[in-house]
Amino acid sequence: MEVPGKVGWPVVGDKSVEFYRDPMHFLSKHIAHTKSPIFKARFLNKPTVFVCSNQGVRDALNCTGEHLDFGYESFMKGMFGHNVLFSKDEEAEAFRQFLSKLFTNHCLEEYETVISRIVTRHISTLKITREPLCLYLFFKNLFSDVCLSLFLGLDSTENSEQANSILSLTVDHWRGIVSVPLDLRLVHAPSTYSKALQAKDHLLEMISIQKKRAKAGFPMKVKETSNLDGSIVDNHLLLFTSALLPKVLASICTCLYVEIGKSDTSYYQGRARSDDAWLEDLLKEAMRLCPPLLGGRRLASKNCLVAGYNVPKDYALVYITHFAQRDPKVFEDPDQFKPERWAQRPELKDRLYVYGFGSRCCLGERLSALMLKTTLSSLLNKFVVQVCADQDFSHKFIPVLRPRNHLMVHLRAI
Ligand code: HEM
């Protein structure tokens, strides 16, 4: 079948501005107009197939590597330098082999010590006061510290000056990453971009120094494991220590508390304190409803078939995790937070695409799960978190999902 919709003329027919202004409105409008969860439009000035059904996303992720390549190079490579995200075929395989050696059971056990230390320190700073706490910022700072300690061996209490200067560079670097699609829309933000490139160079210098100093932990393993060029290894460390990961992890924890921190749902917290499987189900359900990354992008290297639709060679494809995970054909009551669905139908786990799927799925899923569970268990065991009433619970979706007002909460001691 031919994908419904119109790709329009170059530049004048481009819908990127409309998409970035309000992605949910853009997607819902096109789904309604074409009466199809798979449609085409011009995006980033390229004919693009948007895939919003669960089966469509699954097919697109399964075709990756054979008919579809990752499509991030044009707007992210300048900010990160060459790494696995911009590779394909044998090179991608070689990068994945090297990286997977950093996430074995044995490695994760070692990382757990670092993660627990930083998490405990951050949770111990929490005090019960009349003033509400901004939960998103708390999580973002905690995960920034965890990532610095884990990936660079840099403890912010022992070396606060260096840690702060890296964190402030990651902010400038992040602004550049976010500004790139604006450049592709021909609305230039040159000073933000060039400042971000300078930040990238400084970060790479600091990463190289930290890597040379490392005697243990992740940066030491990187040195021991890799036979790749040193600068390529540094680019991967840049990817892991960028502002992206703390934002993604903070997004997940904050969205979870939106659901379990209200007066009629706070009993979920009590159960999660003693029931590990329940905590995992809560996390899955929060990530199903609110995937931190709206979706991903591909470029078709050959014609391919996605949910019965023909995606022509040289088209781009954008898959939308958010819609796929609320597909009523797969999830009953798709817009409701129902963590009990996971014990009833564990096979649905394969219908979640938060961490991607197939041959190019996320390599850091188990590490992320460890960071999330360590943090949440530690918080659950010390405090009941009560979400303040009368606040705006709507979300901002791009570049990383988060509650628009960062989520204000009160804490109550256990
Ligand atoms: C909750 C946290 C995380 C989420 C939601 C996440 C999500 C994803 C997704 C969706 C992809 C696939 C992108 C696509 O198909 O277009 C991906 C790929 C990847 N992730 Fe993660 N990720 C997370 C944490 C991590 C961590 C902690 C690491 C490592 C330190 C990591 C390393 C990678 C790598 C290397 C790839 C690229 C795989 C490839 O190119 O073949 N991720 N991640």
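A residue counts as exposed if 12 or fewer other C-beta atoms lie within 10 Å of its own, and as partly exposed if the number falls between this limit and the 20 or more that mark a buried residue. In this predicted model, Asp-333 has 10 C-beta neighbours inside 10 Å and therefore counts as exposed. Asp-333 is placed in the loop between α15 (321-324) and α16 (341-344), and its phi is near 45°, a positive value in a residue other than glycine.

A positive phi is also found at Leu-44, where the angle is about 50° although the residue is not a glycine. Leu-44 belongs to the loop that lies between β1 (38-43) and β2 (46-51), and it is partly exposed because 18 other C-beta atoms lie within 10 Å. A further backbone feature is the peptide bond from Ile-398 to Pro-399, which is cis, with omega near 0°; Pro-399 itself is situated in the loop between β10 (395-396) and β11 (402-403).

The ligand is surrounded by 23 residues, of which the closest are Gly-296, Gly-356, Cys-362, Gly-364 and Ser-368. Two or more residues of this shell come from each of the elements α5 (89-100), α12 (244-260) and α17 (365-380), and the greatest contribution is that of α12, which gives four residues. In terms of residue character, the shell around the ligand comprises 17 nonpolar residues, together with four polar and two charged ones.

Notes: Residues are numbered from 1 along each chain as its sequence is written. This is a predicted model: local features need pLDDT of at least 70, side-chain atom pairs count only at pLDDT 80 or more; totals for chains, interfaces and linings use all residues. A residue is near a molecule or strand if its C-beta atom, placed from the backbone, lies within 6 Å of it. Ala, Val, Leu, Ile, Met, Phe, Trp, Tyr, Cys and Pro count as nonpolar, Asp, Glu, Lys and Arg as charged, and the others, Gly among them, as polar.
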